[in-house]
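Colleague: I am new to reading protein models, so please take me through this one step by step.

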Amino acid sequence: RYVLIAMGLTLGLASLYFMPGGIFVAGIKVQSALAVPIESSRSGRLGVLAIANSTLPNAPSREDINLLGSFGVQAAIAIGNAQLINQIEAQNAQLLEATQLKSQFLTNISHELRTPMNAIIGFSQVLLRQRKDPLTENQADMVERILRNGRTLLELINDILDLAKIESGRMDLQPENFHLDELIHHTCESLQPLASAKSLELSFQNHLGRVTAFHDPLRLRQILTNLIGNAIKFTDQGEVRVELRLADSPDQCLIAVHDTGIGIAPEHQKAIFEQFRQVDQSTTRKHSGTGLGLAITQQLVMMMQGKIYLQSELGKGSSFFVAFPLKGNYPD
Ligand code: ADP
């Protein structure tokens, strides 16, 4: 019986004209029209909904008025919801873009920093090694400091680059089959000099014998280097013991790194996995480091479908555990 003549978010109903001879819609005279506000208590007044009848005068009945009135309320609620969803979507998109921009920025900066850092490290090494024009003791001492600090900076840059890649989802894993026991053995071997320098015993107990795993071996090595490196760094006396055994769940293995070091108080045990978090935040810190190692380690473990947790007692030592499936699941 009716034609919808206008539904708009503004009161300016462009197609509805009230003229001395009657109401006109697009040039056609209408006999009766009904307009209701599009409004709800939450949304407020959003617009007007109008219908017209071109044949019957006084057409809208009480029922029609009620019906259109409640339609106006429903329309307001629907429009309000749609606007809210649009708003949320826009905010999400903005947030995503900001995160991606940040990651891209960090990636670019890190690349730009890495090249000169490698030059500083490389040439410091050349200066220290060359025999033709030997450095004085004082000079050698200074160049050694340049080298040490250069390496620390490079480590930080690499860590930031890794985190940026993980955050932006651009960390590509290269999974392959490898001997897990061998990888742990070699990682321990490469860290042996660090342990020996502190007179710590570094041992590897393999309860599984030969095991093949399917994961990214370089990234697993990075995880282990972080954990064993920390164990050595935060232990002054005693030992660091690495263990490989089966985890409680089937087809899962467990790598444990135990130390007899300073330990971590219960209130700090969660926070140390956050970026840049270190238990000792003072500027007179005894131990160097970026505070990014465990954040990266945790992310990498999660990408291997594994989990990382720890047990520790202040002053007695810490044990970090990484449990993960032997055969990782990776998209092609
Ligand atoms: P970094 O070692 O560069 O400071 P990490 O993210 O690897 O950063 O570790 C964060 C913090 O967790 C360390 O600064 C230290 O306070 C604590 N931590 C990590 N491993 C150990 C450990 N084996 N024993 C005691 N404290 C540890």
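What follows is a set of questions and answers on helices, cores and single residues.

Modeller: Happy to help! This is a predicted model, in which local features need pLDDT of at least 70 and side-chain atom pairs count only at pLDDT 80 or more, while totals for chains, interfaces and linings use all residues. Residues are numbered from 1 along each chain as its sequence is written, and side-chain values use heavy atoms, with hydrogens and water left out.

Colleague: Which word describes how α3 lies to α4?

Modeller: Two packed helices are described by the angle between their axes and the distance between the axes. Helices (H or I, at least four residues) and strands (E, at least two) are DSSP runs numbered from the N terminus, and axes are lines fitted to C-alpha atoms, for helices over the stretch in contact, with angles from 0 to 180 degrees between N-to-C directions. Angles under 35 degrees count as roughly parallel, over 145 as roughly antiparallel, 65 to 115 as roughly perpendicular and the rest as oblique. Helix α3 (residues 180–197) and helix α4 (residues 217–233) pack at about 40° with their axes 10 Å apart, so the word for α3 relative to α4 is oblique.

Colleague: Is the crossing of α3 and α4 left-handed or right-handed?

Modeller: A crossing is left-handed if the near helix is turned anticlockwise from the far one by less than a right angle, and right-handed if clockwise. For α3 passing α4, the crossing is right-handed.

Colleague: How many residues in the contact of α3 with α4 are nonpolar?

Modeller: Contact means heavy atoms within 4.5 Å. The residues that meet include Leu180, Leu183 and Ile184 in α3 and Leu220, Leu224 and Ile228 in α4. Ala, Val, Leu, Ile, Met, Phe, Trp, Tyr, Cys and Pro count as nonpolar, Asp, Glu, Lys and Arg as charged, and the others, Gly among them, as polar. One residue of this contact is charged and five are polar, and the nonpolar ones number 12.

Colleague: Which element gives the largest share of the largest nonpolar core?

Modeller: A nonpolar core is a set of buried Ala, Val, Leu, Ile, Met, Phe, Trp, Tyr and Cys residues joined through side-chain atoms within 4.5 Å, where buried means under 20% relative accessible area, exposed over 50% and partly exposed in between (1.4 Å probe, protein chains only). The largest nonpolar core has 44 residues, and Leu180, Leu202, Leu220 and Ile228 have the most contacts inside it. Elements giving two or more residues to this core include α2 (137–167), α3 and β10 (239–246). The largest share of this core, seven residues, comes from α4.

Colleague: Against which elements do the buried residues of α5 pack?

Modeller: In α5, the buried residues are Gly293, Leu294, Ala295, Ile296, Thr297, Leu300 and Val301. Their packing partners are α2, α4, β12 and β13.

Colleague: Is the crossing of α4 and α5 left-handed or right-handed?

Modeller: These helices, α4 and α5, pack at about 140°, with 10 Å between their axes. As α4 passes α5, the crossing is left-handed.

Colleague: How many charged residues are in the contact of α2 with α5?

Modeller: Helices α2 and α5 pack at about 40°, their axes 10 Å apart. Asp159, Asp162, Leu163 and Ile166 of α2 make the contact with Gly293, Ile296, Gln299, Leu300 and Met303 of α5. By class, this contact of α2 with α5 has five nonpolar residues, two polar ones and, as for the charged ones, two.

Colleague: What is the phi of Ser199?

Modeller: Most residues other than glycine have a negative phi, and most peptide bonds are trans. Ser199 sits in the loop between α3 and β8 (201–206) and is exposed because its relative accessibility is 63%. Its phi is positive, though Ser199 is not a glycine, and lies near 55°.

Colleague: Where is Phe276, which has a positive phi too?

Modeller: The phi of Phe276 is about 60°, positive although the residue is not a glycine. With a relative accessible area of 45%, Phe276 is partly exposed. Its place is in the loop between β11 and α5.

Colleague: What distance separates the C-alpha atoms of Leu106 and Leu163?

Modeller: Leu106 lies in helix α1 (residues 62–129). Leaving aside neighbours within four places in sequence, Leu106 is in contact with Ile160 and Ala164. Leu106 and Leu163 are 57 residues apart along the chain, and the separation of their C-alpha atoms is 9.2 Å.
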